[in-house]
Structure formats: C-alpha cells, structure tokens
Amino acid sequence: MQLSVYIRPLLSRLFPAEQPRRVPELFAGGEIRLLDASEKHLFRDHLLRLDGDTRRSRFAMHATDAFLRSYVETSFTLDTVIYAYLENGIVRGTAELRSLGNADTAEAAFCVEQDWRRLGIGTRLMDLLLHEARARETRHIYINCLATNRKMQALARKFSAEMSFEAGDVIGHISPPEAAPTDRLRQWVLRQMPKAQATLSRWS
C-alpha cells in the first residue's frame, strides 16, 4: 500500500487552492529549497561569484572575498533561515531571514546572480520568506538597501513594504499577516518533505 494515499489528503488541507508544494520546489528551470549548515560551501561560492556592483548592492559596502567567507561562517552560527534557488546543484539566488535579537523582529536580505534575474526568483524567495516569518510569529521584517538599488526597492514594494530614507539608505518595513493556525504545521511539512519523499520512494 502506498503511504502517499494518506499523506496527499493532509497536504491538500495545508495547501488549499494550489498544488501540494514540496521542498525542493521546482521553479524557473531549477529548484528552491532551504540550505543547512552542511551546504554552506554552496552559499559561499554563490556570494564569491558576485561582481563588485552586486556585492555593494547586497551588503551596502565593498565586500571583499575574506569578508564574504567570514559572513557565511557567521550566518550558519546564528538563527538564520536561508532559502536558495539552485540550478544543477549550484546556488544562483538566496533569501535570508535573520533575527535581530527580538523574537518578533528580523532582517531580510536577497541576492540573485546577474544572469538569473527577471525570472521571478526574487519574488518567489520573498514569498517563502514571508511564510517562514509568519510561522515564526515574526511581526516586523526590515530590508536595508542602498538608495540606488531600485530592484530591491521594487521587490519590497510588491509586498506592501513601507519605505523610509535614512543616511542615504532605504529601509523597508514589512508586517507579515498574523499566522494562521496551520502555518507552523505547514512550514514543518515543507521542511520534512525531503525525508518524506525518501520514505515514500521506498514504500511505493
């Protein structure tokens, strides 16, 4: 008997009005999924490939290779959620959600490599990050970018961000909708799907 007979009804209730989503999720010729600490080399290589302008847009400063390597190490020692878009096992875009020391406040950051822009990857990563924030009961998400980073500002405005200017930078504030009762269960299912898929493949 196939276990999927029992799992599919649960997924249909967790993901109403859409096809059951899995992690990894197929998207734009690749896949989107969470990265864990064992994959920090994928995150590191992604950041090291960024050109100078993209590095400055992402970090609001001149980011050296040494800085990026240190940043990656720090990211995986903090309570940071990192979603990644991968093609052929190579990370081409990332979205980070990092706590700011307060349980209900976090910072979001996004980066998509130049040849993979305008495919909707940033929008999809933002959507997943907001679902993660809702499940964590995060009420305030801040996005800090340079005033010249119009693409990041446009992405933030898609999700009703309130924009303000401070010392030459633009700060976007997003308040995710209040978490529904099924949100935390939904995120747990998304995180567990790779394990469940492996189990199903053995029982099918």
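How accessible is Ala28, and does it count as buried, partly exposed or exposed? Select Ala28 to start: at 35% relative accessibility, Ala28 counts as partly exposed. Here buried means under 20% relative accessible area, exposed means over 50%, and partly exposed is in between, with a 1.4 Å probe and protein chains only. Ala28 sits in the loop between β1 (25–27) and β2, and although Ala28 is not a glycine, its phi is positive, at about 50°. Helices (H or I, at least four residues) and strands (E, at least two) are DSSP runs, numbered from the N terminus.

Before moving on, a word on the model. It is predicted, so to speak of local features a pLDDT of at least 70 is needed, and side-chain atom pairs count only at pLDDT 80 or more, while totals for chains, interfaces and linings use all residues. Residues are numbered from 1 along each chain as its sequence is written, and side-chain values use heavy atoms, with hydrogens and water left out.

**Stop 1: helix α3**

Select residues 52–59, which make up α3. The buried residues of this helix are Thr54, Arg55, Arg58 and Phe59. They cover an arc of only 110° around the axis, which puts them on the same side of α3; the arc is that of the directions from the helix axis to the C-beta atoms. Turn to the face away from that buried side and you will find the exposed residues Gly52 and Asp53.

Now show what covers the buried residues: the list includes α2, α4, β4 (90–99) and β5 (105–112), with contact meaning heavy atoms within 4.5 Å. At the start of α3, a side-chain oxygen of Asp51 comes within 3.1 Å of the backbone nitrogen of Asp53. Just after the helix, select Ala60, which has a positive phi of about 55° although it is not a glycine. Ala60 is partly exposed, with a relative accessible area of 40%.

**Stop 2: the aromatic rings**

Stay with Phe59 and add Arg58: the charged end of Arg58 sits over the ring of Phe59, 4.3 Å from its centre. The criterion is NZ of Lys or CZ of Arg within 6 Å of the ring centre and within 35 degrees of the ring normal.

Next, add Phe43, Phe67, Tyr71 and Phe76, which ring pairs link with Phe59 into a cluster. The structure holds five aromatic pairs. One of them joins Phe43 and Tyr71, tilted, at 6.4 Å centre to centre and 55° between the planes. Phe43 lies in α2 (residues 40–49) and Tyr71 in α4 (residues 65–75), so the pair ties together parts that are 28 residues apart in sequence. Both residues are buried. Rings of Phe, Tyr and Trp (its six-membered ring) pair if their centres lie within 6.5 Å; planes under 30 degrees apart count as stacked, over 60 as edge-to-face and the rest as tilted.

**Stop 3: the nonpolar cores**

Select Tyr83, Leu97, Phe110, Met126, Ile143 and Ile174, which touch the most other members of the largest nonpolar core, a set of 29 residues. A core is a set of buried Ala, Val, Leu, Ile, Met, Phe, Trp, Tyr and Cys residues joined through side-chain atoms within 4.5 Å. Helix α5 gives the most to this core, with seven residues. A second, separate core of 15 residues includes Leu50, Tyr71, Val91 and Cys111.

How values were computed
A polar contact is a pair of N or O atoms within 3.5 Å; within protein, one must be able to donate a hydrogen and the other to accept it, and residues adjacent in sequence count only if both atoms are side-chain atoms.
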